[in-house]
Amino acid sequence: MGLHVWVLLLGQLVLQTLSSDTSCSEESTCSGCIARHYTCAWCKDLTFTGSRCRSISDMAQLSPGCEDVMFPVSSRDVTEEEFSATVQVKPSRIQIDNLRPGEEISLPVTVKTSEDFPLDLYFLLDLSKTMDDHINLFGEQASNIVGNLLGSHSAPCFLMMVHTGTH
């Protein structure tokens with residue numbers, strides 16, 4: 001890689017770091033701060049001077065620091081049941097609390113396929129123009145998805161693709 005490319009990459013990294021550090025500080029209310037991004041924290045300490053909304057990492061490095069920080073943390077409650085004739089997907093119940101903008105949570109899902117049990121397969125697609133590249137990729141991969149499912153499932157598989165709107 002040439003020096004020019006490395007300089008561009010380094011410059012982009014610095015800009016991303018600076019913009020992510022200052023994005024929280026643009027908020028002037030607690031609710032706006034918490035809704036801004038999952039890394040933003042609000043200083044509730046009335047004696048604190050300076051920007052009350054900062055990234056949680058910036059808040060921890062302040063000296064003197066904020067004594068009362070509002071930083072909601074997401075939580076999840078997962079209910080697992082044993083596989084049975086009626087339970088074929090685990091977990092059977094998921095509750096997510098306080099998921100903040102930009103935050104991601106991975107949820108592993110296990111599906112048990114029963115012998116000679118019908119399988120209905122639905123694809124929900126966003127057919128807006130901005131999704132064209134993804135729709136084309138899906139079209140290329142759809143037969144592979146169905147083939148893989150049929151390979152592990154002996155009962156008939158019905159593929160139903162439903163969409164609304166125009167494309």
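Student: Before we start, what does "buried" mean here?

Tutor: A residue is called buried when its relative accessible area is under 20%. Exposed means over 50%, and whatever lies in between is partly exposed. Keep in mind that we're looking at a predicted model.

Student: OK, so what share of the protein chain counts as buried?

Tutor: The chain has 167 residues, and each can be put against that cut-off of under 20%. The share that counts as buried is 19%.

Student: How many helices and strands does the chain have?

Tutor: Reading along the sequence, you go through α-α-β-β-α-β-β-β-β-β-β-α-β. Tally that up and you get four helices and nine strands.

Student: Which residues make up the largest nonpolar core?

Tutor: Nonpolar side chains tend to be buried together in soluble globular proteins. In this model the largest such core has six residues. Helix α2 (30-36) and strand β1 (40-43) each supply at least two of them. The full set is C24, C33, I34, C40, W42 and C53.

Student: C53 is in that set. Which residue is its bridge partner?

Tutor: Strands β1 and β2 pair in the antiparallel sense, over three bridges. Leaving aside neighbours within four places in sequence, C53 has contacts that include C24, C33, C40 and W42. C53 sits in β2, and its bridge partner is W42.

Student: Which strands are at the edges of that sheet?

Tutor: The sheet is open, with three antiparallel strands in the order β2-β1-β3. An edge strand pairs on one side only. That description fits β2 (53-55) and β3 (69-70).

Student: Moving on to V89, is it buried, exposed or partly exposed?

Tutor: V89 is in strand β5, and past its neighbours within four places in sequence it contacts F83, V109, T110 and V111. Its relative accessibility is 40%. Because that falls between the 20% and 50% cut-offs, V89 counts as partly exposed.

Student: How far is the C-alpha atom of V89 from that of T113?

Tutor: Along the chain, V89 and T113 are 24 residues apart. In space, their C-alpha atoms are separated by 9.1 Å.

Student: Which residues does the cis peptide bond with omega of about 0° join?

Tutor: Look at the loop between β5 (89-90) and β6 (93-97), where you'll find P91. The cis bond joins K90 and P91.

Student: And what is the phi of N98?

Tutor: N98 is in the loop between β6 and β7 (110-111). It isn't a glycine, yet its phi is positive, at about 60°.

Note on methods: Residues are numbered from 1 along each chain as its sequence is written. This is a predicted model: local features need pLDDT of at least 70, side-chain atom pairs count only at pLDDT 80 or more; totals for chains, interfaces and linings use all residues. Side-chain values use heavy atoms; hydrogens and water are left out. A nonpolar core is a set of buried Ala, Val, Leu, Ile, Met, Phe, Trp, Tyr and Cys residues joined through side-chain atoms within 4.5 Å. Buried means under 20% relative accessible area, exposed over 50%, partly exposed in between (1.4 Å probe, protein chains only). Helices (H or I, at least four residues) and strands (E, at least two) are DSSP runs, numbered from the N terminus. Contact means heavy atoms within 4.5 Å. Two strands pair if DSSP finds at least two bridges between them.
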